[in-house]
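Q: Please take a close look at one part of this model and describe carefully how it is put together, piece by piece. I would like to follow the pairing from one end to the other, and then learn how well the inner pieces are covered.

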Amino acid sequence: MTEPFLSIRDLRKAFGSFVAVHDVTIDIPRGQFLTFLGPSGSGKSTTLYAIAGFQHPTSGDVLFKGRSLLSVPSHKRNIGMVFQRYTLFQHLTVAENVAFPLRVRRRPDAEVKRKVAEMLSLVRLESFGDRHPGALSGGQQQRVALARALAYDPPILLMDEPLSALDKKLREEIQAEIRRIHRETGVTILYVTHDQDEALHLSDRIALFRDGRIEQIGTGEDLYVRPQSEFVASFIGNSN
Ligand code: ADP
Ligand code: MG
C-alpha cells in the first residue's frame with residue numbers, strides 16, 4: 001500500500017489544561033481540496049498551525065509522504081500559506097512580493113522573472129507588478145498573497161479564512177479564482193472556514209470540527225444529505 005500524501009495522526013494540542021485539538025486523524029490524498037469547517041473556537045486553526053509548523057503539537061504526528069514533519073522547521077516544510085489578513089510587504093512592489101519566496105530560495109534571476117509573470121497571470125494581475133500593495137483592493141491583495149504562496153510550487157497550500165475580511169461580491173469572485181487555481185495547479189489545499197456555503201462550494205471533502213474533534217468527514221453531499229448527528233445537520237443546514 002502506498003503512503004498517504006499528507007497524514008495527520010492522533011494530533012493533540014493542549015494549552016495548559018485546556019485541550020484545543022483532541023487526537024485528530026486525517027489522511028489527505030494528493031490534489032484534494034479539504035476544508036476544515038466548524039464554529040469559532042472548534043480547533044480548525046490550531047490543527048492547521050500544527051501542519052504549518054507554527055505550533056508544536058502536544059502529541060501525534062504530521063506526515064508528508066510517510067515522513068514526519070515535526071522536526072522540520074516551518075520555513076522548510078514547503079507549504080504555502082494564505083491567511084485572513086495576509087501581511088504583504090507594504091514597502092515592496094507586487095512583483096517583489098511574489099518574488100520573495102524565490103529570492104530566499106536563491107533561485108536564478110531568469111527563473112524568478114518567469115515565475116513572477118506566470119503567477120501574476122494565474123491570479124489575473126498581469127499589469128499590477130509595479131504597484132505597491134497599498135494601492136490595491138483587499139481582494140487584489142489576497143490574490144497577490146495567493147500568487148506569493150504558490151510562487152515556488154509548494155505541494156501543499158494552507159488557507160485560514162482567507163476571504164473573511166472581504167465583502168460578499170469579492171468573496172464569490174475569489175472563491176471562483178481559488179477553484180480555478182486548484183484545478184489548474186493540482187496543488188493540495190487545506191482550507192479553513194466557518195462558512196458552510198463557502199465549504200460546500202469549494203471542497204472535495206469537508207471535515208466538520210466541533211470542540212476540537214472531527215464530528216464528521218466526507219463530501220459536502222455526505223454531510224448535507226447524510227448528516228451523522230443533529231450538530232452536523234444544523235450546522236450544514238444553517239445558512240448564516
Ligand atoms: P478556530 O480556528 O476553529 O476558531 P482555534 O483553533 O483558533 O479555533 O482555537 C481552538 C481553541 O483553542 C479555542 O478555544 C481557543 O481559544 C484556544 N486557543 C487557540 N490558541 C490558543 C493559545 N495560543 N493559547 C490558549 N488557547 C488557545
Ligand atoms: Mg481560526
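A: Strand β9 (residues 205–210) pairs with β10 in the antiparallel sense, over five bridges, where strands are DSSP runs of E with at least two residues, numbered from the N terminus, and two strands count as paired if DSSP finds at least two bridges between them. Within this pairing, I206 has G218 in β10 as its bridge partner. The model is a predicted one, in which local features need pLDDT of at least 70 and side-chain atom pairs count only at pLDDT 80 or more, while totals for chains, interfaces and linings use all residues. Residues are numbered from 1 along each chain as its sequence is written, and chains are lettered from A and ligands numbered from 1 in the order in which they are written.

This pair belongs to an open sheet of six strands with mixed pairing, in the order β6-β7-β8-β3-β9-β10. The edges are taken by β6 (79–83) and β10 (213–218), each of which has a single partner strand, so one side of each is left without a neighbour in the sheet. On average, neighbouring strands of the sheet are turned by 15 degrees against each other, with direction ignored; the axes behind this value are lines fitted to C-alpha atoms, and angles in general run from 0 to 180 degrees between N-to-C directions.

The pairing can now be followed from the β6 edge inwards. Strand β6 runs parallel to β7, to which it is joined by five bridges, and M81 stands opposite L158 of β7. On the next step, β7 and strand β8 (residues 188–193) are again parallel and joined by five bridges, with D160 standing opposite V192 in β8. Strand β8 is in turn joined to β3 by five bridges, the two strands running parallel, and here F36 is the residue that stands opposite V192. V192 of β8 is therefore a useful point of reference when tracing the sheet, because D160 faces it and F36 faces it. From β3 the sheet continues to β9 through a parallel pairing over four bridges, in which L37 has L208 of β9 as its bridge partner. The antiparallel pairing of β9 with β10 then leads to the other edge.

Two of these strands deserve a further look for their surroundings. In strand β7 (residues 156–160), five of the five residues are buried, so the strand is largely enclosed by the rest of the structure; a residue is called buried if 20 or more other C-beta atoms, placed from the backbone, lie within 10 Å of its own, exposed if there are 12 or fewer, and partly exposed in between. The cover extends to both faces of β7, with I156, L158 and D160 buried on one side and L157 and M159 buried on the other. L158, the residue opposite M81, and D160, the residue opposite V192, thus share one covered side of the strand.

Strand β3 (residues 33–37) is likewise mostly covered, with five of its five residues buried. Its two faces are both covered, F33, T35 and L37 being buried on one side and L34 and F36 on the other. The residues that mark its two pairings fall on opposite sides of the strand: L37, whose partner is L208, is grouped with F33 and T35, whereas F36, opposite V192, is grouped with L34.
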